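These are my notebook entries on one protein chain. I set down what I looked up, entry by entry.

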Amino acid sequence: MSSANVNLNIRMDRELKNNLDVLCSELGLTVSAAINIFAKAMVRHGGIPFDVRIDMPNEELLQAMKNVEEGKNLSRRFHSVKELMEDLNA
């Protein structure tokens with residue numbers, strides 16, 4: 001395998017690029033180094049090295065969200081952490 005470097009041009013939203021620049025700088029990396037780290041991880045992993053999916057809420061969460069919207073099955077309100085802890089420990 002050749003060790004010659006090549007250029008890679010990608011398109012990216014300007015705000016994302018700016019945020020990436022800041023983050024990489026804080027990590028002591030260049031964007032180029034970060035992209036190389038990601039590429040090497042993909043090759044080692046044989047794909048994207050993290051889940052790429054849409055998290056769908058389960059039935060329990062959907063019901064809880066519905067309850068909140070309808071104001072049903074809600075616990076009582078607490079006016080302090082002490083009050084909450086007393087109720088939890090009761």
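Entry 1, terms. I call a residue buried when its relative accessible area is under 20%, exposed when the value is over 50%, and partly exposed in between. I also note that the model is predicted.

Entry 2, Phe 38. I looked up the relative accessible area of Phe 38 and found 34%. Phe 38 is therefore partly exposed, since 34% falls between the two cut-offs.

Entry 3, aromatic pairs. I searched the whole structure for aromatic pairs, and the search returned 1. The partners are Phe 38 and Phe 50, whose ring centres lie 6.1 Å apart. Their planes stand at 35°, so I recorded the pair as tilted; planes under 30 degrees apart would count as stacked and those over 60 as edge-to-face. I then placed the two rings along the chain: Phe 38 belongs to helix H2, residues 31-45, whereas Phe 50 sits in the loop between H2 and helix H3 (59-70). The two residues are 12 apart, and the pair links distant parts of the chain.

Entry 4, secondary structure. I counted 4 helices and 0 strands in the protein chain. Read along the sequence, the pattern is α-α-α-α.

Entry 5, Asn 67. Is Asn 67 buried or exposed? I found a relative accessible area of 12%, so Asn 67 is buried. I located this residue in helix H3. Leaving out residues up to four places away in sequence, I listed Lys 72, Asn 73 and Leu 74 as the residues that Asn 67 touches. For the chain as a whole, 4% of the 90 residues count as buried.

Entry 6, Glu 86. I found Glu 86 in helix H4, which spans residues 81-89. Its relative accessibility is 48%, and I entered Glu 86 as partly exposed because 48% does not pass the 50% cut-off. I also took the C-alpha separation between Glu 86 and Phe 38, which is 49 Å for 48 residues along the chain.

Entry 7, overall dimensions. What radius of gyration does the protein chain have? I noted 24 Å, against near 12 Å for a compact globule of 90 residues. Along the principal axes, the C-alpha atoms fill a box of roughly 70 × 30 × 30 Å.

Entry 8, surface and charge. I recorded an accessible surface of about 8,800 Å² for the protein chain, with 55% of that area belonging to carbon and sulfur atoms. I then compared the charges: the mean positions of the 11 positive and 13 negative ones are 6 Å apart.

Notes. Residues are numbered from 1 along each chain as its sequence is written. This is a predicted model: local features need pLDDT of at least 70, side-chain atom pairs count only at pLDDT 80 or more; totals for chains, interfaces and linings use all residues. Side-chain values use heavy atoms; hydrogens and water are left out. The radius of gyration is taken over C-alpha atoms; the globule rule is 2.2 Å times the number of residues to the power 0.38. Buried means under 20% relative accessible area, exposed over 50%, partly exposed in between (1.4 Å probe, protein chains only). Accessible areas come from the Shrake-Rupley method with a 1.4 Å probe; for residues, only the protein chains shown count as cover. Lys and Arg count as positive and Asp and Glu as negative; His and the chain ends are not counted. The place of a charge is taken as NZ of Lys, CZ of Arg, CG of Asp or CD of Glu. Rings of Phe, Tyr and Trp (its six-membered ring) pair if their centres lie within 6.5 Å; planes under 30 degrees apart count as stacked, over 60 as edge-to-face and the rest as tilted. Contact means heavy atoms within 4.5 Å.
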